[in-house]
Amino acid sequence: MRTVLALVATVLLLWQGTIWMAGMPPFLLPSPGAVAQALWLNRAEIAIQAGFTLAEVMLGFLLGSALGAALAVAMGFSDRLTGVLRPILTFSQTIPVFALAPILTLWLGFGMAPKVAMTVLIVFFPVASAFLDGLSRTPQAALDLAQVMGASRIRIMRHLRIPAALPALATGLRLAAVYAPIGAVIGEWVGGARGLGALMIHANGRMKTDLVFAALLVLSLMTVIFARAVALALARLWRRYGV
């Protein structure tokens with residue numbers, strides 16, 4: 001805790017010192033005090049918009065995680081399917097996510113759907129990739145023993161490969177929890193009237209840089225809390241099932 005407080009204090013001092021030394025005007029770089037004041041004065045609006053963003057993040061995270069895990073299991077059953085889909089998944093990551101936001105907005109409108117879809121796209125790959133790697137690393141001796149005992153592929157997957165791959169899945173989920181807010185905010189930047197991303201765009205257009213920083217601070221804190229909550233939930237779940 002002391003380390004965190006010392007780091008925060010150092011960042012604030014460097015921030016304020018940069019403003020003093022460089023003579024930065026407030027519309028380019030507001031002071032920490034101005035950001036804190038903007039956060040307090042606009043606390044109700046920021047809280048409402050943060051609620052919209054959090055809803056998009058949670059829904060996109062759940063859908064993206066479920067789809068990614070399901071695809072990993074399907075690929076785990078078939079080497080041929082893995083050979084076909086793995087290059088496609090890898091190629092999909094070469095497409096800038098930001099470039100997809102206008103297309104999704106055009107297809108899905110300006111509501112919550114395109115923001116959730118953006119979050120799903122960002123969450124999907126780390127979950128599918130990590131879980132598939134875990135499924136592929138089941139000890140061969142255990143697989144051979146299960147086959148000798150006459151276990152079916154479904155039973156091997158359910159009772160052997162999936163339990164062995166759960167730590168890898170947890171790693172993918174923890175990464176996805178950090179990345180998930182990026183998708184929602186990008187969607188809000190491109191075509192949204194609600195959420196922290198939309199609030200930042202509107203505040204930036206009115207040269208309210210202090211409000212932009214305040215919304216960004218809330219977004220960062222929300223991301224940290226969400227990622228921490230996911231990590232704690234996973235740890236509790238793994239302890240419960242003895243993973």
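Helix axes are taken here as lines fitted to C-alpha atoms over the stretch in contact, and the angle between two of them, which runs from 0 to 180 degrees, is formed by their N-to-C directions. In the predicted model described below, helix 9 (residues 196–205) and helix 10 pack at an angle of about 165°, and their axes lie 8 Å apart. Angles over 145 degrees count as roughly antiparallel, and helix 9 and helix 10 are therefore roughly antiparallel to each other. The crossing in which helix 9 passes helix 10 is left-handed.

The protein chain as a whole contains ten helices and zero strands, so that its elements, read from the N terminus on, follow the order α-α-α-α-α-α-α-α-α-α. Along its principal axes, the C-alpha trace of the protein chain spans about 75 × 45 × 30 Å.

Annotations from an unreviewed UniProt entry can be set against this helical architecture. The entry lists residues 50–234 as "domain: ABC transmembrane type-1"; in the model this span is 88% helix and 0% strand, and its end C-alpha atoms lie 24 Å apart. The annotation "transmembrane region" in the unreviewed UniProt entry covers residues 57–77, 89–110, 116–135, 164–191 and 211–235. Among these segments, residues 116–135 are 100% helix and 0% strand, with end C-alpha atoms 28 Å apart, while residues 211–235 are likewise 100% helix and 0% strand, with a separation of 36 Å between the end C-alpha atoms.

Helix 10 also contributes to the largest pocket, which holds about 430 Å³ of space. The elements that each give two or more residues to the lining of this pocket are helix 1 (2–22), helix 2 (32–41) and helix 10 (209–240), and helix 10 supplies the largest share, namely seven residues. In total, 16 residues line the largest pocket, and those that lie nearest its centre are Val8, Trp15, Leu217, Ser220 and Leu221. Grouped by class, the lining of the largest pocket comprises 15 nonpolar residues, one polar residue and no charged residues. Helix 10 is thus a recurring element of this description, both as the partner of helix 9 in the packed pair and as the source of the largest share of the pocket lining.

Note on methods
Residues are numbered from 1 along each chain as its sequence is written. This is a predicted model: local features need pLDDT of at least 70, side-chain atom pairs count only at pLDDT 80 or more; totals for chains, interfaces and linings use all residues. Side-chain values use heavy atoms; hydrogens and water are left out. On a 1 Å grid over the protein atoms alone, a cavity is a set of points where a 1.4 Å probe fits but cannot get out, and a pocket is an open set with protein on both sides within 12 Å along at least five of seven lines; lining residues have an atom within 4 Å of a point. Grid points are joined across faces, edges and corners, and a volume is the space filled by probe spheres set on the points. Helices (H or I, at least four residues) and strands (E, at least two) are DSSP runs, numbered from the N terminus. Ala, Val, Leu, Ile, Met, Phe, Trp, Tyr, Cys and Pro count as nonpolar, Asp, Glu, Lys and Arg as charged, and the others, Gly among them, as polar. UniProt positions are given in the numbering used here, feature names are shortened, and annotations may be inferred rather than shown by experiment. Angles under 35 degrees count as roughly parallel, over 145 as roughly antiparallel, 65 to 115 as roughly perpendicular and the rest as oblique. A crossing is left-handed if the near helix is turned anticlockwise from the far one by less than a right angle, and right-handed if clockwise.
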